[in-house]
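Please open the model in your viewer and keep the selection tool at hand. The tour below moves from one selection to the next and says what is found at each stop.

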Amino acid sequence: MPEITLIEALRQAMDEEMERDERVFITGEDVGRRGGVFRATQGLYDKYGPDRVIDSPLAELSIVAIGIGAAMVGMRPICEIQFADYIFPAFNQIVNEAALIYYRTGGDWNVPMVIRAPYGGGIGGGLYHSQSVEAFFAHRPGLKIVVPSNPYDAKGLLKSAVRDPNPVMVFEPKKGYRLIKGEVPPGEYTVPIGPAAVTREGTDVTVYAYGMMHYYVLQAAEMVAQRDGISCQVVDLRTLVPLDTKTVLESFKKTGKALIVYEDNRFLGYGAEIAALLSDEAFEYMDGPIRRLTGPDRPGVPFAHTMQDFYMPNPDTIADAIRDLAAY
Amino acid sequence: MATDLQTAHQIDDTGIDLDDQTLLEMYWQMVRARRLDERVWILHRQGKIAFHISGIGHEGVQVGAAYAMRRGHDYASLYYRDLAFSLSLGLTPLDFMLAVFGKAGEPTSGSRQMPSHWSSRKLGMLSSSSPVATQVPQAAGAALACKLRGDDRVVIVTLGEGSTSEGDFYEGLNWAGVHQLPLVCLVQNNIYAISVPVHLQMAVPNVADRAPMFGIAGAIVDGNDVLASYCVMREAVERARSGQGATLVEAKTYRPVPHSSDDDDRTYRSRDEVEEWKKRDAILRFQVYLRERGLLDDDAIAEIEERVRQEVDEAHAAAEAAPYPPPEDTLFPVFAPDDRV
Ligand SMILES: Cc1ncc(C[n+]2csc(CCOP(=O)(O)OP(=O)(O)O)c2C)c(N)n1
Ligand SMILES: [Mg+2]
């Protein structure tokens, strides 16, 4: 099977979905001739033309709202926000509009659209090209949220997102765009929105992560297995909303110890919900504190590499946290 | 086009292509919306309902605009004042009464939204919400879809003049200009946004003055003149349908009632001003015109009033008798099922 990068997997997903369904179109800043600043839409403009790969004005609110309106009347828009950090001008259109339309019309209207945004630090992007924004949107009922951690899932989840009758947000780990490679079979497949994946079976500590952090968690799990003989159960959440509570709970019950790793700020981050779920529904299995390893409560990843490194969890700090918890 | 409101007491029927039957139907639509609206104010005063946001005073421009559309074919994305507009598109007085009472079976939102948040897939009304102006870029998106598909639909979106201060308005019309979208943006300028007068919203005299900055057409019309409104809207709709792009239409009108049932408009404007505007009421003016054309007389007016009263009575009674939604309706799903196309 060919190995491809995560961003190539995303590009293939969009290409195949546009080929399959003429209602699919892409809009966002620089997605056309330039193929996106990260090149996620490279080649699609030449293949499908300016009516299906539309360079938007530099106005995020409208990128999302155009998608909402077009989706309501039968199109399948893929809206790219150039960096997750710039999604906030569109916040109202996402949380007050896209998220509510099915509910507020008693199911009369629905909004089949995709919002893609590269997120996360580690690329020297500073305060405004490194943010993780998933918690803001996960809080709002009505938005499906996926965060792929590898090329196979990236392609399969994005294809499912395009076909979903609801607004789906795809947060893409930009540091992993070219760093993370993996096998992707030729031809048609999808990865369903919803199920988490157990990516390593283990018995001592359960580690939950998604996106870039999941990539590091697998490395850390291997490190502690080799050096410390600690056996980790690793869960790649993949879909943040709706959460696969079954896999989350079952994986916890095997070990009784949970570490949740996310690079977003700690306070009210996505992992807090996992912790609450475990304490609520698996209390009698608990064999240690539920721990989180996260970015600090600072509003962005600083630019200087010393501070960036301090901010981001990495395989070493994750391994330390696993050892700590295993020893508890 | 009558723009001098001080002297614009007549109806401007230049270029009107409507037959007598349709003119009378439009008059009926305006009266029907007005009487329904007045009844809801009474219900509020009686303590029977919780909230009303009124369309009184705006019936002329709304009925004119609705009749300029290909109703059932074109899309409309309306705002809360558009009772007359919605009725003209096929919403019924009972539908509205169910919303006002917050009853089960209310068709636009199952009584999840406040009343006057129009929506109907079947009638081509996009779903509207409370945050003002959000509908403008969404309507541009719907218009983009129409253009990409090459169908001949037009999208009409409405809002108040105060709401044009929101960024959504600018971003939506900017798309309309860049992509020459089949969109008509109708601003119903009633010179107040709750209490804030229009000169504190913008430094240009007219909303439509902004059209050139989007590269789209602009037009100003006397919104209390139903036929002038029809004409200007028809021109804009035709421009959109024929691929010549969007129009920003500004209808000058007035809201002679408080902003909503929670407002007291005596705190921000004089009674003299309100009385002065009532003399230019769209229904009165149209009535005078139809009398002059020999289409209406006292008997015909009374007959229309009686027909409307009956319909409002029936809607009122049916809605009052209807059950409330079961509490568990709160938990209606937020996601459409996977097999939804
Ligand atoms: C984004 C947002 N801010 C504030 C409000 C509260 N609000 C509702 S209507 C309104 C005034 C709107 O005035 P205008 O656009 O002129 O329309 P009109 O009510 O006069 O028809 C305000 C401030 C709101 N609904 N949405
Ligand atoms: Mg106003």
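**The magnesium site in chain B**

Along the chain, the donors of the magnesium ion (ligand 2) follow the spacing E-x28-N-x1-Y. As you look at them, please keep in mind that this is a predicted model. Select the ion together with its protein donors, which are Glu161(B), contributing OE twice, Asn190(B) through OD1 and Tyr192(B) through O, and you will find these donors lying 2.0 to 2.7 Å from the ion. Glu161(B) lies in the loop between β2 (155–160) and α6 (167–178) of chain B, whereas Tyr192(B) is in strand β4 (residues 192–193) of that chain, so the pair ties together parts that are 31 residues apart in sequence.

If you now check the angles at the magnesium ion (ligand 2), they range from 51 to 179° among its 6 donor atoms, and the site is irregular. For reference, the ideal angles at a metal with six octahedral donors are 90 or 180 degrees. The site counts as irregular because an octahedral one would need opposite donors over 155 degrees apart and all other angles between 65 and 115, and the angle of 51° at the magnesium ion (ligand 2) falls outside those limits.

Are the two ends of this pair, Glu161(B) and Tyr192(B), buried or exposed? Glu161(B) is buried, with a relative accessible area of 1%, and Tyr192(B) is likewise buried, at 9%.

**Ligand 1**

Next, select ligand 1 and display the residues around it, of which there are 16, the closest being Tyr79(B), Tyr80(B), Arg81(B), Ser163(B) and Tyr192(B). Tyr192(B), which you have already met as a donor of the magnesium ion (ligand 2), thus appears again among the closest residues here. By residue class, the shell around ligand 1 divides into 7 nonpolar, 6 polar and 3 charged residues.

Which polar atoms of Tyr80(B), Tyr192(B) and Ser130(B) should you look for beside the ligand? For Tyr80(B), it is a polar side-chain atom, which lies 2.7 Å from an oxygen atom of ligand 1. For Tyr192(B), it is a backbone N or O atom, placed 2.7 Å from an oxygen atom of ligand 1. For Ser130(B), a polar backbone atom is 3.0 Å from a nitrogen atom of ligand 1. With these contacts on screen, it is worth switching to a surface view, in which ligand 1, exposing 580 Å² when taken alone, has 72% of that area buried by the protein.

**Backbone stops in chain B**

Staying in chain B, select Ile191(B), in the loop between β3 (183–189) and β4. Its phi is near 60°, a positive value in a residue other than glycine, and Ile191(B) is partly exposed, with a relative accessible area of 26%. Then go to Ser116(B), in the loop between α4 (93–101) and α5 (135–149) of chain B, which has a positive phi of about 70° although it is not a glycine. In contrast to the partly exposed Ile191(B), Ser116(B) counts as buried, at 4% relative accessibility. In general, most residues other than glycine have a negative phi.

From there, move into helix α5 of chain B and select Gln138(B), which counts as buried at 2% relative accessibility. Its C-alpha atom is separated by 10.0 Å from that of Ser128(B), 10 residues apart along the chain.

**Across to chain A**

Now change to chain A and select the peptide bond from Val241(A) to Pro242(A), which is cis, with omega near -5°. Pro242(A) is found in the loop between β12 (239–241) and α10 (245–255). Add Leu143(A) to the selection, and you will see that its C-alpha atom is separated by 7.1 Å from that of Val241(A), although the two are 98 residues apart along the chain. Leu143(A) sits in the loop between α6 (134–138) and β6 (144–146) of chain A and is buried, with a relative accessible area of 0%.

For the last selection, take Leu325(A), in helix α13 (residues 315–326) of chain A, a residue that is buried, with a relative accessible area of 0%. Leu325(A) and Ala258(A) are 67 residues apart in sequence, and their C-alpha atoms are 8.1 Å apart in space.

Notes
Residues numbered from 1 in each chain as written. Chains lettered and ligands numbered in written order. Predicted model: local features only at pLDDT ≥ 70, side-chain atom pairs only at ≥ 80, totals over all residues. Heavy atoms only, no water. Donors = N, O, S within 2.8 Å, 3.2 Å for Na, K, Ca; no water. Tetrahedral: all angles 85-135°; square planar, octahedral: opposite > 155°, others 65-115°. Helix = DSSP H or I, 4+ residues; strand = E, 2+ residues; numbered from the N terminus. Buried < 20%, exposed > 50% of the residue type's maximum accessible area, 1.4 Å probe, protein only. Near = heavy atom within 4 Å. Polar contact = N/O pair within 3.5 Å; in protein donor to acceptor, adjacent residues only side chain to side chain. Areas by Shrake-Rupley, 256 points an atom, 1.4 Å probe, with all protein chains shown as cover. Nonpolar A, V, L, I, M, F, W, Y, C, P; charged D, E, K, R; others polar.
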